[in-house]
Number of protein chains: 2
Amino acid sequence: MLIGDLAQKCGLSVDTLRYYEKIGLIPKPLRDRGGRRVYDQTILRWVDFLDRLKATGMGIKDRLRYADLRTRGAASLTERRQMLEEHRDKVRSDLERLTEMLDVLDDKIILYRKMEAGEAVDPSFENCARTEHGAQ
Amino acid sequence: MLIGDLAQKCGLSVDTLRYYEKIGLIPKPLRDRGGRRVYDQTILRWVDFLDRLKATGMGIKDRLRYADLRTRGAASLTERRQMLEEHRDKVRSDLERLTEMLDVLDDKIILYRKMEAGEAVDPSFENCARTEHGAQ
DNA sequence: GCTTGACCTGGAGCGCACTCCAACTTGTAG
DNA sequence: CTACAAGTTGGAGTGCGCTCCAGGTCAAGC
């Protein structure tokens, strides 16, 4: 599998893959006679997992740290688990914050609908800590 | 309320507040005789709301767009509602993705624990699309 | 043999979102 | 009156995460 195929399969650009290799996020692949990178299937799982870490808000430094641990093999299992546990906790609290915000958004959307309908809005909404109406 | 007080109350730095003003995210406040910015309480709700939009992944461009609409007053209610609805949908799908990822993390952490305990791991995990073990 | 397209490298550039700095003015406490 | 903390400005710098570019090589199809 050449870099273009991998890019297509994992949804990253060729440039991004080379960038990831440069900073050490993905291991250096073998090369063919012509010097082209040749990947095997296993890289796909790794790239996908990296993508999940990224999608859940893990920055490049921590992903690098994790990638580095990974290259150390089984000896780093415990450290990796600890990283994942910390990250999981972070994701959990992100989830809570997001859920909360979803409610705020829903409330606000309902309020806007009412205002659009010309309904008189309870003036106390002015003092609702979760509301920013902005109708000046 | 001077800029330092506001900064403390809303948890942003003085520099960030001035930056937000510069790019148009927050309205230009009145000034006192000495040229210092003087904020009233209402700014707090707005800054908090902006912060929520940011915390839920709305970029600066969209926050700017929203801020701009806000300055137009009631005439922009519908557009603002539409923006919020779109954003809410995005947040909802983020939530789903995050929840899914949480499961992946939990699975992986459990797997790591087992591996740490020296348990033989079902070789089929190699082929589990959601798993990236990295134990080389 | 030649064209075409995918690959290679090193390095520059970019958008976001701040963050810091120098040099200056102003308000307040002792 | 003086010291100093906190404010002001314009502009430069930072870190992240890519993204693009020039100039070159290589492999495969016609």
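**Close-up 1. A salt bridge between the chains.** B:Arg113 pairs up with A:Glu85 in a salt bridge, with the closest N and O atoms 2.5 Å apart. (A salt bridge here is a side-chain nitrogen of Lys or Arg within 4 Å of a carboxyl oxygen of Asp or Glu.) Across the interface of chain A and chain B, the rule finds six salt bridges. This is a predicted model, where local features need pLDDT of at least 70, side-chain atom pairs count only at pLDDT 80 or more, and totals for chains, interfaces and linings use all residues. Residues are numbered from 1 along each chain as its sequence is written, chains are lettered from A in the order in which they are written, and side-chain values use heavy atoms, leaving out hydrogens and water.

**Close-up 2. Where chain A meets chain B.** Each chain brings 43 residues to the contact, meaning heavy atoms within 4.5 Å. About 4500 Å² is buried between them, with carbon and sulfur atoms giving 65%; that's the accessible area (1.4 Å probe) the two parts lose on being put together, summed over both.

**Close-up 3. Holding on to phosphates of DNA strand D.** A polar side-chain atom of A:Tyr20 sits 2.6 Å from a phosphate oxygen of the strand. For B:Arg37, a side-chain N or O atom is 2.8 Å from a phosphate oxygen, while B:Gly4 uses a backbone N or O atom, 3.0 Å from one.

**Close-up 4. The wider surroundings of DNA strand D.** Among the 20 residues around the strand, A:Tyr20, A:Ile60, A:Lys61, B:Arg18 and B:Arg37 come nearest. Of the strand's atoms within 4 Å of the protein, 77% belong to sugar or phosphate, and the rest to bases.

How values were computed:
Near = heavy atom within 4 Å. Polar contact = N/O pair within 3.5 Å; in protein donor to acceptor, adjacent residues only side chain to side chain.
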